[in-house]
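Biologist: Could you take me through this model and show me how its labels are earned? I would like to hear the reasoning behind each one.

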Amino acid sequence: MKEKFYITTAIAYTSAKPHIGNTYEIVLADLVARMKRKQGYDVFFQTGTDEHGEKIELKAKDAGINPQNYVDNVAGEIKRIWDLMNTSYDKFIRTTDEDHVKQVQKIFKKLYDQGDIYKGEYNGWYCTPCESFWTESQLVDGKCPDCGRPVKMAKEEAYFFKMSKYADKLLKYYEDNPDFITPVSRKNELVNNFLKPGLQDLCVSRTSFKWGIPVDFDDKHVVYVWLDALTNYITGIGYNCDGESSEKYNHYWPANLHVIGKDIIRFHCIYWPIFLMALGEPLPKQIFGHPWLLQDGGKMSKSKGNVIYADDLVDFYGVDAVRYFLLSRMPFDNDGIINWDIVTDTNNSELANIYGNLVNRTIAMTNKYFGGVLENTGVAEPIDEELKQVVIATRDKVAAKVDKFHIADSLDDIFDIFRRANKYVDETTPWILAKDESTLPRLKTVLYNLTEAIIVGTCLLEPYMPESCNKVLQECGVSMRDWEDLDKFGLLENGTKVTEKPEIIFARLDAKEINDKVKAMEEARKPKEVKKPENTIKFEEISIDDFAKCQFLVGTVLTAEKVEKADKLLKMTIDDGTKVRTVVSGIAKFYKPEEMVGKQVVLVANLKPAKLRGIVSEGMILCAGTDDDLAIVAPIKKMPCGTEVR
């Protein structure tokens, strides 16, 4: 029976589209999951979205849609990015999932019934973006110690969890399990800043907003974010608070690894273990608090305008080049740095020059000299052993470093194979060997050795860059090798034929060209100055009776999609309170389909149907705008579908 390995990421908060710093975490966890599968483990990999809280409620209100529609849109975008990055998660959980909601309510009630949760009143400083309460002494210059933003005084009735009851037990667990928190610097911060001064009881419900899981025995309250969000790690695999947990839960829990950002280490390494202790459940085996990816030395922030998104990077470099950058440039403990120049340089100096060039010229020489057929003739020289020993020793070094989360170092070990192989080319000079009939057997062995080194290195590299590595193996005429064979050299069968026309998988890129395109992209996204249109409208007076002929209704957009072969048109289904109707509108230049779903519009409901691009449009939505800018007309607060506009 395979040994199990349950790995999770923190669930992404559905306040906005994730930037490349957020995306690093899912790629890192995906590497570990893929590596463990390769090693023969029974892996379950869970990720997902955290969808409740005051911040979501406020953002949904600003967007003019209800919170559920808001989180549906953002969760869809997060999942799209995770899929774009070729991450191999087994489950994508959402905290609005019905089964999660029910279990959170049961957990809250159980903890209340056993005396771990009590009702009180909170009076202190609150940071809305972080959804965190702070004491006066914890503030830094009067601001949130996590994000540096302003805090506000909050006073409200709330339920609290008795954290101090479990503090000594948690410290003892730290002592007995020294690898529970890594890096060790993260543990030291928690002990010195939170546990030694004494744990404050934790607020676990709110009454000042409604977008959360209701406390089912006190409907004024909703469950506060951390008791809701953290429990996803057990609810997602079938935990049941009534004692009837699923076989999956009993098999996979406790988690082997939680991968989280260093900014939420306190919640995962203090609150989460204590919740589990109170529930009588085993604690996760390890929590890795990874560092941040900084944009030119500063934390990414939309308000600062220094955000880079994964899909933009993929458009320029491709998925695997972005994965490689993230995994090769993030230190174990200290923060990493990203900018467009560094990504371009990494692509050119490592992927194109070291790896891609080695693959291309090895295959090209095999085709040129031997019709693409590989053969080890046994004509060996001492220099061959040096290459072989580098290849043979790499597998176990890589595995050990991945287990310790020294991911960049593990990649460096793999690339040592390719560096040594490039040096081997220079040492053996295949182009000279090809000139003499008597040295052709030696040339065959040289090309065989080079290809074998590429194959082993590529098989080790596959969890980092899955698509590209499988392409390289296809070009070498082989398939993926088992983990047990990756500390061996010489398994390549004589007579194997490489591809005739190898694809250039990693091309060198022009840095200036990339920078020019990035500037153009950023310029196009800047908010455009709204010019006041010239007043060329000629008014023709109408009577109130004429106006009364038009019937305007508030409607909600249910679905939206682009009309084929019509760049300007969106086809929408709209609930107008009386029926669901199809409306075609020329707004595609200004609104994406996903942006329209959930929006309220004002509909001319009694307009005679018209056929546009073969689609019958049953009405028209009102908009304000010019040829260069446009906005839909909508009520400033949510109104029932069918409300008459008059």
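**From helix to rings**

Modeller: Gladly, and bear in mind that this is a predicted model. Let us begin with helix 15, residues 407-428: at 1.5 Å a residue its 22 residues should span 32 Å, and the end C-alpha atoms are 32 Å apart, so the two agree.

Biologist: Where is the kink in helix 15 centred?

Modeller: On Phe415, with a kink of about 25 degrees. Just after helix 15 comes Thr429, whose phi is positive, near 45 degrees.

Biologist: Now the rings: how many aromatic pairs are there?

Modeller: The count comes to 33. Take Phe44 and Tyr252, with ring centres 5.3 Å apart and planes at 40 degrees.

Biologist: Why is that pair of Phe44 and Tyr252 called tilted?

Modeller: The centres lie within 6.5 Å, so the rings pair, and an angle of 40 degrees is neither under 30 nor over 60, so the pair is tilted. Phe44 lies in strand 3 and Tyr252 in helix 9, so the pair ties together parts 208 residues apart in sequence.

Biologist: What makes Phe44 and Tyr252 count as buried?

Modeller: Buried means under 20% relative accessible area. Phe44 has 8% and Tyr252 has 9%, so each is buried. Both also belong to one aromatic cluster, whose members include Tyr6, Trp253 and Trp272.

Biologist: How do you know that the charged end of Lys262 sits over the ring of Trp292?

Modeller: The charged end is 4.6 Å from the ring centre, and the distance cut-off is 6 Å, with an angle limit as well. Lys109 likewise sits over the ring of Phe217, 5.8 Å from its centre.

Technical notes. Residues are numbered from 1 along each chain as its sequence is written. This is a predicted model: local features need pLDDT of at least 70, side-chain atom pairs count only at pLDDT 80 or more; totals for chains, interfaces and linings use all residues. Side-chain values use heavy atoms; hydrogens and water are left out. Rings of Phe, Tyr and Trp (its six-membered ring) pair if their centres lie within 6.5 Å; planes under 30 degrees apart count as stacked, over 60 as edge-to-face and the rest as tilted. Helices (H or I, at least four residues) and strands (E, at least two) are DSSP runs, numbered from the N terminus. Buried means under 20% relative accessible area, exposed over 50%, partly exposed in between (1.4 Å probe, protein chains only). A charge sits over a ring if NZ of Lys or CZ of Arg is within 6 Å of the ring centre and within 35 degrees of the ring normal. The expected span of a helix is 1.5 Å times one less than its number of residues. The bend at a residue is the angle between axes fitted to the seven residues ending there and the seven starting there.
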